[in-house]
Each structure stands twice: as C-alpha cells, then as structure tokens.
Amino acid sequence: LPSRTSTDPSVQALKGLHLYHAKLSNSSMRVRLLLDEKSRAWTSHLLDATKQDNLSESYLRINPTSLIPALVHDGVVVTETSDILYYLEQHFPDPQLAPVQEGERAAMREWVDLAASSHTTTLKPWQYAITGARTKRPEDMERYRELQSDPDLVAFHQRSLDGFSDEAIADAVERNHAILARMEGGLTDAPWLVGGEYGLADIAWFPNVLLLDLLGFPMSDYPAVRRWLAVVRSRPAAGRAIGWSAFRLPGWLLRPIVRLRKALKG
Ligand SMILES: N[C@@H](CCC(=O)N[C@@H](CS)C(=O)NCC(=O)O)C(=O)O
C-alpha cells in the first residue's frame, strides 16, 4: 500500500490516528465514516480549503499534492482517499468491511477506485457549477499553479473561477447519471453495492450520492439507490461522519442551491 514514513520529525512524532480533513469534503466524509464504523479514536486536524489551509507549508509537508484528506498513523502518512480506506481496512480489520470472496473483492475495489477516478469529472464539476462554490480566489491561482503538479486540478479550479461551460456541466450530469444507473442495476436486487454485506464500496459512494441528493440532482429514476441512501444515512456512524452542522450553509452557498431546487421543481 502506498504509505510512507514522514521525513518530518513533527509528523513522525504523531502517535495514533490523525486525520487532516475538511467538513464538506466528500473525500473526508468517506474516511470519517470508515473510522467511525471501526470505532477508532482519532485526532482531528480540520482544514478549510477556502482559507488555503491545504496550501500551508506544514500541510504540504504531509501531503505534497495539497489534497484533502491525509491520514497519519504513528508517523506513517497515507494520502489518496481510496488508499486511506484500504489502509484502515488492512490495519483495523474489525469489523471487517471488505469482502473475502475474490470476485467480490475485485468488485469492491472497482467501486472504490471509481469513486477516486471519477472525482474531478463527475460529482465535483456538477457540485461546484450549481452551487457556485470555489475554494480558490483569483489571487490564489498563481501560487496554486506553482504547487499543483496535476494539470487537471489546476484547470478545474480555474474553471470554478471562470464559470463552467454548458458542455462541461452537461458532461458531468451525464457521468453522474451513468454511475447512478449502474448502481441502480445492482441495488435493485441486492441491499448493498457488493455482496450481501455493507462495506467499503458503500462507504466510498455514500457521500457522493448524499451530496447529489441534497443538492437536488434528479434522482427519481433511481428508487433502489434512494432506498440504499436512506438505509446508509440512518446509520449512526453516517450521521456523525457527515457532520450535519457543516450544512448550516453560508448564504453564498445556500442561495444558488435554493434557486436550483426551484428550477428543477418548476
Ligand atoms: N484524489 C484525491 C482527491 C481529493 C480531493 O480532491 N479533495 C478535495 C476536497 S473533496 C481537495 O483537496 N480540495 C482542495 C482544494 O480545493 O484546494 C483523493 O481521493 O483523496
């Protein structure tokens, strides 16, 4: 698993589980949910990307890509949400949330990896476009360009400032529908995304589907997905992982959402 011992003595010295995370980040929600399902105690380091906390020297020493979240476990750093989920499952196997049967393990990995690979093209552009959310100000972009080696992320944040084109939004809508339709296919005859048990695939997808639903994405064609969403949402761990207080949204974020909800209803 891609984890590394930090070269920074202050990071090396961190004992136990430390999570660097953000309130409304779907990636952070997955990790919080898994930690809670495993009843692990962890130390919270809350970052606010709108304040560029993730571009601070101290965070870049933990995660040079600047992305949130990052996990530090006894001085070992794990980044990339899917790798963090796999790491936690491997190190804290109780309760077991990965299937044992080989075919089911492959299916689980496919769902978890899809959550990672679809992030910048699917949920994120739609969410940012319809809420008008952005984490960068124009004056942050120069620094971000210097720090961020992933050109897709730089382009994404530039688009969040310039405005997403109609084509980009339509593309994201289509991609979200494709994934929801695939989920619907599986969940019509089964309670969980993989096999007979709740597990990592459900945990990886719950935050995305929840955010789509909360932001008014048209979900009426997906009754089985909605049923699954309600069941996962009712888990005590899910309520805590989402952190509903974060949804007392600031006006700038709430207004476009209300407009969008009206537009979709009308
Ligand atoms: N591939 C990364 C993506 C993580 C990611 O994009 N996180 C967002 C928050 S959901 C972030 O770091 N945003 C920072 C920013 O906007 O500068 C992962 O799976 O961990």
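1. How many of the eleven residues of helix α4 (residues 81-91) are buried? Nine of them are, so this helix is mostly covered, given that buried means under 20% relative accessible area. Keep in mind as you look around that this is a predicted model.

2. If you'd like to find the covered part of α4 on screen, here is the list: Thr 81, Ser 82, Asp 83, Ile 84, Leu 85, Tyr 86, Tyr 87, Leu 88 and Glu 89 are buried. Have a look at Thr 81 in particular, since this buried residue of α4 also belongs to the group around the ligand.

3. Now for the ligand itself. Around it you'll find Ser 25, Ser 27, Asn 54, Leu 67, Ile 68, Glu 80, Thr 81, His 119, Lys 124, Thr 135, Lys 136 and His 157. Sorted by class, that shell has seven polar, three charged and two nonpolar residues.

4. Zoom in on some polar contacts with the ligand. The side chain of Lys 136 has an N or O atom 2.5 Å from an oxygen atom of the ligand. For Thr 81, a polar side-chain atom sits 2.7 Å from a ligand oxygen. With Ile 68 the backbone does the job: one of its polar backbone atoms is 2.8 Å from an oxygen atom of the ligand. On its own the ligand has 510 Å² of accessible area, and the protein covers 91% of that.

5. Next, the nonpolar cores. The largest one has 59 residues, and Met 183, Trp 205 and Trp 228 are those with the most contacts inside it. Helix α10 (residues 200-214) gives the largest share of this core, ten residues. Apart from this core lies another, of twelve residues, including Ala 22, Leu 47, Ala 70 and Val 72.

6. Try clicking on Trp 205. Leaving out neighbours within four places in sequence, Trp 205 is in contact with Trp 111, Leu 114, Ala 115, Ser 118, Ile 179, Met 183, Leu 193 and Trp 228. Two names there should ring a bell: Met 183 and Trp 228 are, along with Trp 205, the residues with the most contacts inside the largest core.

7. Last stop: Ser 6, in the loop between β1 (3-5) and α1 (9-12). Is Ser 6 buried or exposed? Ser 6 counts as buried because its relative accessibility is 3%, and the cut-off for buried is under 20%. A polar atom of the Ser 6 side chain lies 3.0 Å from the backbone nitrogen of Asp 8. Not counting residues up to four places away in sequence, Ser 6 touches Val 11, Gln 12, Gly 75 and Val 77.

Notes: Residues numbered from 1 in each chain as written. Predicted model: local features only at pLDDT ≥ 70, side-chain atom pairs only at ≥ 80, totals over all residues. Heavy atoms only, no water. Core = buried A, V, L, I, M, F, W, Y, C linked by side-chain atoms within 4.5 Å. Buried < 20%, exposed > 50% of the residue type's maximum accessible area, 1.4 Å probe, protein only. Helix = DSSP H or I, 4+ residues; strand = E, 2+ residues; numbered from the N terminus. Contact = heavy atoms within 4.5 Å. Polar contact = N/O pair within 3.5 Å; in protein donor to acceptor, adjacent residues only side chain to side chain. Near = heavy atom within 4 Å. Areas by Shrake-Rupley, 256 points an atom, 1.4 Å probe, with all protein chains shown as cover. Nonpolar A, V, L, I, M, F, W, Y, C, P; charged D, E, K, R; others polar.
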